[in-house]
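Q: Please take me through this structure and explain how each term is justified.

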Amino acid sequence: MAKIDKVKYLIIGNSAGGIGAAEAIREVDKAGAITIISDEPYPVYSRPLISEYLVSRCPLEMMLFRRADFYEKNHIQTILGQKVEELDIDKHVIRLENRRTIAWEKLLLATGGLPIVPQIEGIDRSGVFTFTMLDEAKAIDQYLSQRVGRAVVIGGGLIGVSVTEALVKRGVKVVMVEMKERILNTILDEEASALAEERLQQAGVRVVTGRTVAAVSSYYLTGEVTGVTLDDSRPIPCELVVVAIGVQPRTELVAGAGIKINRGLVVDRHMATSSADVYACGDVAEAYDFIYGENRLTPVWPNAYIGGRVAGFNMAG
């Protein structure tokens, strides 16, 4: 029988929420074993800075969210570049893709979100990317070397504006397509949205609002992108498409596990899920929003970090 490793605190996810939780745990419990697992191979980096990588291939050392010795100083074991394949809530056990098994006392699900990719014609063509992780920025950077001069960014939110800024700095002509009537509509009022759009236009960006992309086209047998068609049949030529319309919670790991899920994993004011000893935070969690007075998804970096700290303090009692 394979040996089962045992830890007191198991954190699945190595971004803002997971790090916030680990720091909070260490403020309360200096000795309890902490293990952080991530399917990304990197130490924790600031995901908002992937745009800086796309602009100038910013080295990972300049993007780190915590110092390189963070894990060692806080006595945290990391398992990076490994995906959790199976979660057994009742037995308090997880199994990794390399067949390693780990038992836990307290579990934090900080699995984040997956980019939302609409089911439109041609969306799987070569030259279509998302933009939430470092590897995606690296893939776009590599693709830009293939004489890409024009791009369409689908989505006018924070991610869309971020990748647009990076592409413009790389000398790419960008058309931003936003289905709502104004960009950054979830975080800015009308006046501020107008100012942001004006600044983008001054940088040479064409902003199209109130429209969606209906299809991604290619003139080549190899399938590389040569343009998109809007829902009003207008064509826009381009060699690159970036889908930036948001993220959806990564809840697939707990499917069928009996944990309450609405849009995300439903948590209480302690960031505890409906299952004993299991907590969640960040983009995967549907937590209480005091502005709205109800649980909802709030997939932004500061929310993930603060939610992680709340989870960590409660995991440590």
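Q: What makes up the area that the protein exposes?
A: The protein exposes about 15800 Å², and carbon and sulfur atoms supply 50% of it, with areas computed by the Shrake-Rupley method with a 1.4 Å probe, where for residues only the protein chains shown count as cover. This is a predicted model, in which local features need pLDDT of at least 70 and side-chain atom pairs count only at pLDDT 80 or more, while totals for chains, interfaces and linings use all residues. Residues are numbered from 1 along each chain as its sequence is written, and side-chain values use heavy atoms, with hydrogens and water left out.

Q: Why is Cys 58 called buried?
A: Buried means under 20% relative accessible area, exposed over 50%, and partly exposed in between (1.4 Å probe, protein chains only); Cys 58 has 14% relative accessibility and therefore counts as buried.

Q: Why does Cys 281 count as buried?
A: Its relative accessible area is 1%, so Cys 281 is buried too. Buried residues make up 50% of the 317 residues in the protein.

Q: How many disulfides does the structure hold?
A: The structure holds zero disulfides, a disulfide being counted as a pair of cysteine sulfur atoms within 2.5 Å.

Q: How does the radius of gyration of the protein agree with that of a compact globule?
A: The radius is taken over C-alpha atoms, and the globule rule is 2.2 Å times the number of residues to the power 0.38. With 317 residues the rule gives a value near 20 Å, and the protein has 21 Å, so the two agree.
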